[in-house]
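User: I am new to this structure and would like a close look at a single part of the model, the second largest pocket. Which residues line the second largest pocket, and what aromatic contacts are found among them?

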Amino acid sequence: MAIDKDPITPETLYSIWAKRNVHFETELEDSVIRQVADYGSGATRYNSAKGFSLGGGYEVYILAFFIGLYANKRRPLDGEKKTFGQPIQYWGNLEKRGERKPYSKLRDYMFAACVARTDIDLLALERDDITVSNAVSAMINTMDEYANYGIHQLLDKLDEDKHFFTNHTSFLSMFIPLFKLMNPTDDAESSGFPDSDEPESLD
């Protein structure tokens, strides 16, 4: 007698995706990630590391992913790769530190973007023509390539000015041109952004 298998649902795909680790190029750890995030030094140093823009290394990855996504540009990883050692399901769901709040909803947005931007035949997945593991691996590859493009954009900024990310509007200044690129017919007034690519002062 045939045994009915549980259907593949978005929830099933999400739960397996969330247990995975993402990857980044090892050579970018010191040149980018440790330059803008308090990566690998623990919460104690985090509280006193006033010069760091971000906390965990995966926060750099998240921002880089959206830079790549909004620019619609991917860059395959080259050379040795490593992970942050923390599966996606744990990103941003820790108790808030200082003024930071949990941002687990970002995982949902990233998952939706991966499904939309990865060539997965959902009907083939349902028929077992492809495995869930392979589908999720393809999604992780999509994430990694978007993020890798974004991390290299951060590297370019650091090459131009090693203090670039000490400015509290530095990341915003990278995203504003991408928002304009996504909405080319919007003028500055209708988009809510200033005329120049430089963000207005928050002082």
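Analyst: In this predicted model, the second largest pocket has a volume of about 220 Å³, and its lining is made up of Glu59, Ile62, Leu63, Phe66, Tyr70, Tyr103, Leu106, Phe171 and Phe175. Two elements, H4 and H8, each give two or more residues to this lining, and H4 contributes the most, with 5 residues. Sorted by class, the lining holds 8 nonpolar residues and 1 charged residue, with no polar ones.

Two of the lining residues, Tyr70 and Phe175, also meet as an aromatic pair, and this pair is edge-to-face, with 6.0 Å from centre to centre and 75 degrees between the planes. The contact links distant parts of the chain, since Tyr70 belongs to helix H4 (residues 57-71) and Phe175 to helix H8 (residues 170-182), 105 residues apart. As for exposure, Tyr70 counts as partly exposed because its relative accessibility is 25%, whereas Phe175 counts as buried because its value is 9%.

A further edge-to-face pair is formed by Phe164 and Phe165, at 4.9 Å centre to centre and with 90 degrees between the planes, and both Phe164 and Phe165 are buried. Over the whole structure, the search finds 13 aromatic pairs, and one aromatic cluster is formed by Phe24, Tyr58, Tyr61, Phe84 and Trp91. Another kind of ring contact involves Arg74, which lies over the face of Tyr146, at 5.4 Å from the ring centre.

How values were computed. Residues are numbered from 1 along each chain as its sequence is written. This is a predicted model: local features need pLDDT of at least 70, side-chain atom pairs count only at pLDDT 80 or more; totals for chains, interfaces and linings use all residues. Side-chain values use heavy atoms; hydrogens and water are left out. Rings of Phe, Tyr and Trp (its six-membered ring) pair if their centres lie within 6.5 Å; planes under 30 degrees apart count as stacked, over 60 as edge-to-face and the rest as tilted. Helices (H or I, at least four residues) and strands (E, at least two) are DSSP runs, numbered from the N terminus. Buried means under 20% relative accessible area, exposed over 50%, partly exposed in between (1.4 Å probe, protein chains only). A charge sits over a ring if NZ of Lys or CZ of Arg is within 6 Å of the ring centre and within 35 degrees of the ring normal. On a 1 Å grid over the protein atoms alone, a cavity is a set of points where a 1.4 Å probe fits but cannot get out, and a pocket is an open set with protein on both sides within 12 Å along at least five of seven lines; lining residues have an atom within 4 Å of a point. Grid points are joined across faces, edges and corners, and a volume is the space filled by probe spheres set on the points. Ala, Val, Leu, Ile, Met, Phe, Trp, Tyr, Cys and Pro count as nonpolar, Asp, Glu, Lys and Arg as charged, and the others, Gly among them, as polar.
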